[in-house]
Amino acid sequence: MAETVVDVVLPVLDEVEALPWVLHRLPPGFEPIVADNGSSDGSAALARRLGARTVVEPRRGFGAACFAGLQAATADVVCFMDCDGSLDPADLPLVAGPVLEGRADLVLGARRTTGAGRAFPIHAQLANRALAAEVRRRTGARVTDLGPMRAARRRDLLALGVSDRRSGWPLEMVLRAAGAGWRVVEVPVPYRARLGRSKVTGTVRGTLRAVRDMRAVLHT
Ligand SMILES: Nc1nc2c(ncn2[C@@H]2O[C@H](COP(=O)(O)OP(=O)(O)OP(=O)(O)O)[C@@H](O)[C@H]2O)c(=O)[nH]1
Ligand SMILES: [Mg+2]
């Protein structure tokens, strides 16, 4: 698979600590697109210095960053992953494989924690499990986690019309994909404690914002 070029969208908000490790770990054939979401710690400049294609999305929100990266992508298959060191780019082929081989339309990396619980706090795990159960109930898709490491075909994803630009983006993508009859497949991927400072799951404000955004998706 070495020559296959897959674009990897990396949403980034102040991730100078994790960026070098993440970019360094990308396997051959996986090209980064850093989608900087108005970082104030020099993440965009660092990404450019390290040779990564970099787009800047001033509109705040996880979905806004992911969408900007998707729009900048050119490869047939696009992956997404958090750029905080919690996911290992070396695992991307596991997630991209079923799409590249035509066996799946959307692949989600279901997070498996190893070691201490700090990687994935219990409230975040419970919230994720409940959301995955709701996705199963609504669509029949056999998902257990709304994993942030994902792969799909670029054109299909653009046509899906995911409209949320904040934390509801990952949930809306799965609901729309399953609703459109996509083959949604899950593969396990290791998940570890992030590098740098937690912005969502480790903070009350971030968690509440994520819950609000997800609720909005469920109720539209
Ligand atoms: N929270 C947040 N993250 C963003 C945004 N834009 C880009 N990101 C990036 O999206 C990825 C996921 O965000 P994280 O902060 O890791 O969210 P999380 O994994 O739920 O929680 P923590 O790792 O505990 O902060 C990271 O690479 C962020 O840098 C944004 O507007 N908000
Ligand atoms: Mg994280």
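**Exercise 1. Find out how far helix 7 is enclosed by the rest of the structure, and name its buried residues.**

Step 1. Start with the terms: helices (H or I, at least four residues) and strands (E, at least two) are DSSP runs, numbered from the N terminus. Buried means under 20% relative accessible area, exposed over 50%, and partly exposed in between, with a 1.4 Å probe and protein chains only.

Step 2. Now apply them to helix 7: nine of its eleven residues are buried, so the helix is largely enclosed by the rest of the structure. The buried ones are Trp 169, Pro 170, Leu 171, Glu 172, Met 173, Val 174, Leu 175, Ala 177 and Ala 178.

Step 3. Look just past the helix, where Gly 181 follows with a positive phi near 85°.

A word on the model before we go on. It is a predicted model, in which local features need pLDDT of at least 70 and side-chain atom pairs count only at pLDDT 80 or more, while totals for chains, interfaces and linings use all residues. Residues are numbered from 1 along each chain as its sequence is written, chains are lettered from A and ligands numbered from 1 in the order in which they are written, and side-chain values use heavy atoms, with hydrogens and water left out.

**Exercise 2. Work out which rings pair with Trp 169, and which parts of the chain these pairs link.**

Step 1. Recall how such pairs are described: by the distance of the centres and the angle of the planes. Rings of Phe, Tyr and Trp (its six-membered ring) pair if their centres lie within 6.5 Å; planes under 30 degrees apart count as stacked, over 60 as edge-to-face and the rest as tilted.

Step 2. Searching the whole structure gives three aromatic pairs. In one of them, Phe 67 and Trp 169 have ring centres 6.4 Å apart and planes at 65°, so they meet edge-to-face. Phe 67 belongs to helix 3 (residues 62-72) and Trp 169 to helix 7 (residues 169-179), so this pair ties together parts that are 102 residues apart in sequence.

Step 3. Turn to Phe 80 and Trp 169: their centres are 6.1 Å apart and their planes at 65°, so this pair is edge-to-face. It links distant parts of the chain, with Phe 80 in strand 4 (residues 77-80) and Trp 169 in helix 7, 89 residues apart.

Step 4. Put the picture together: ring pairs join Phe 67, Phe 80 and Trp 169 into a cluster. Trp 169 is buried at a relative accessible area of 3%, and Phe 80 is buried at 3% relative accessibility.

**Exercise 3. Locate the arginines that lie over the rings of Phe 67 and Tyr 191.**

Step 1. Take the criterion: a charge sits over a ring if NZ of Lys or CZ of Arg is within 6 Å of the ring centre and within 35 degrees of the ring normal.

Step 2. Over the face of Phe 67 you will find Arg 165, at 3.9 Å from the ring centre. Over the ring of Tyr 191 sits the charged end of Arg 111, 5.1 Å from the centre.

**Exercise 4. Describe the surroundings of ligand 1.**

Step 1. Gather the neighbours, counting a residue as near if one of its heavy atoms lies within 4 Å of the molecule. There are 17 residues around ligand 1, and Glu 15, Asp 84, Ser 198, Lys 199 and Thr 201 come nearest.

Step 2. Sort the shell: it holds seven nonpolar, five polar and five charged residues. Here Ala, Val, Leu, Ile, Met, Phe, Trp, Tyr, Cys and Pro count as nonpolar, Asp, Glu, Lys and Arg as charged, and the others, Gly among them, as polar.

Step 3. Check the polar contacts (pairs of N or O atoms within 3.5 Å; within protein, one must be able to donate a hydrogen and the other to accept it, and residues adjacent in sequence count only if both atoms are side-chain atoms). An oxygen atom of ligand 1 lies 2.5 Å from a side-chain N or O atom of Ser 198. For the side chain of Asp 84, the distance from an N or O atom to a ligand 1 oxygen is 2.7 Å. Phe 62 takes part through a backbone N or O atom, 3.5 Å from an oxygen atom of ligand 1.

Step 4. Finish with the cover: the protein hides 89% of the 600 Å² of accessible area that ligand 1 has on its own, by the Shrake-Rupley method with a 1.4 Å probe (for residues, only the protein chains shown count as cover).
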